[in-house]
Amino acid sequence: LNAPLPPELLGSITTSGYQSTSRIPELDDNGCHWNEDDDNTLDVLLRIPGLRGQPADALGVEFTETTCSVTAFGKTVWSAILLGRVVPETMWFFTDDGADGIPIIQMSVQKKMEQQQQQQ
């Protein structure tokens, strides 16, 4: 009863959800759509209303193990504390112009595995 389920039984599991990009509790913009697959890759699509009008090519993304920051023209304009740890060196991102002048930021990063965290 307490034995883990065999991987072939589970197949590939993906979890996903939406979160707000705003710190204001009453303002839930669902601007962060995330997917996590069974190999612990976290794929994120950000649409931050506060970046309306910023050119997509001027945006950048930076990760630390516990934070994600978006920059515009080299200045940090949005940041978030992550719910878990990631491996920053595995990150990639892509920006594109979105509807209504809100740029789209697509990014991917590998979550840090529990045994990697214990080794530090």
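**Entry 1. E4 and E5**

I began with strand E4 (59-63) and strand E5 (residues 67-72). The two run antiparallel and are joined by five bridges. I looked up one residue pair here and found Glu62 opposite Ser69 in E5. I note at the outset that this is a predicted model, and that what I write down was read from it.

**Entry 2. E5 and E6**

Next I followed E5 to its other partner. E5 and E6 also run antiparallel, with six bridges joining them. Among the pairs, I noted that Ala72 stands opposite Lys75 in E6. The two strands form a hairpin with two residues between them. Which residue of this hairpin takes a positive phi? I found Phe73, with a phi near 55°.

**Entry 3. The sheet of three strands**

I then put these strands together. They make an open sheet of three strands in the order E4-E5-E6, and the pairing is antiparallel. Which strands stand at the edges? E4 and E6 do, each with a single partner strand, so one side of each has no neighbour in the sheet. I also looked up the turn between neighbouring strands of this sheet, which is 20° on average with direction ignored.

**Entry 4. The sheet of five strands**

I turned to the other strands. Five of them form an open sheet, again with antiparallel pairing, and I wrote the order down as E1-E2-E3-E8-E7. Its edge strands are strand E1 (15-19) and strand E7 (86-96), each of which pairs on one side only. From one strand to the next, the twist averages 15°.

I checked E7 and E8 more closely. They run antiparallel, and seven bridges join them. Phe93 has Met107 as its bridge partner in E8.

**Entry 5. Positive phi in two loops**

I had already met a positive phi at Phe73 in the hairpin of E5 and E6, and I looked up two further residues. Asn30 has a positive phi of about 50°, though it is not a glycine. I located Asn30 in the loop between E1 and E2. Is Asn30 buried, exposed or partly exposed? Its relative accessibility is 40%, so Asn30 counts as partly exposed.

Asp100 is the second of the two. Its phi is near 60°, which is positive in a residue other than glycine. I found Asp100 in the loop between E7 and E8. With a relative accessibility of 61%, Asp100 counts as exposed.

**Entry 6. Cysteines**

I looked for disulfides. The search of the whole structure finds zero. Cys32 is in no disulfide, and the nearest cysteine sulfur, in Cys68, is 8.4 Å away. Why is there no bond at Cys68? Its sulfur lies 8.4 Å from the closest cysteine sulfur, in Cys32, and that is too far for a bond. The cut-off I needed for this step is 2.5 Å, because a disulfide is a pair of cysteine sulfur atoms within that distance.

I also looked up how much of each cysteine is accessible. Cys68 is buried, with a relative accessible area of 5%. Cys32 is buried as well, at 13%.

**Entry 7. The largest pocket**

Where is space left in the model? The largest pocket holds about 580 Å³. I found 23 residues lining it, and those that lie nearest its centre are Gln19, Cys32, Ile81, Leu82 and Leu83. Cys32, which I had just looked up as a buried residue, is thus on my list again.

I asked which strands supply the lining. Strand E2 (32-36), strand E3 (41-46), strand E6 (75-81) and strand E8 (104-111) each give at least two residues. Which of them gives the most? E6 does, with four residues. I recall that E6 is an edge strand of the sheet of three, while E2, E3 and E8 belong to the sheet of five.

By class, I noted 14 nonpolar, six polar and three charged residues in this lining.

**Entry 8. The second largest pocket**

I closed with the second largest pocket, whose volume is about 160 Å³. Its lining consists of Thr21, Ser22, Leu27, Asp29, Ile48, Pro49, Gly50, Leu51, Val77 and Trp78. Sorted by class, the lining has six nonpolar, three polar and one charged residues.

Note on methods: Residues numbered from 1 in each chain as written. Predicted model: local features only at pLDDT ≥ 70, side-chain atom pairs only at ≥ 80, totals over all residues. Heavy atoms only, no water. Buried < 20%, exposed > 50% of the residue type's maximum accessible area, 1.4 Å probe, protein only. 1 Å grid on protein atoms, 1.4 Å probe; cavity = no way out; pocket = protein on both sides within 12 Å on 5 of 7 lines; lining within 4 Å. Points joined across faces, edges and corners; volume = space filled by probe spheres on them. Nonpolar A, V, L, I, M, F, W, Y, C, P; charged D, E, K, R; others polar. Pairing = 2+ DSSP bridges. Axes fitted to C-alpha atoms, helices over the stretch in contact; angles between N-to-C directions.
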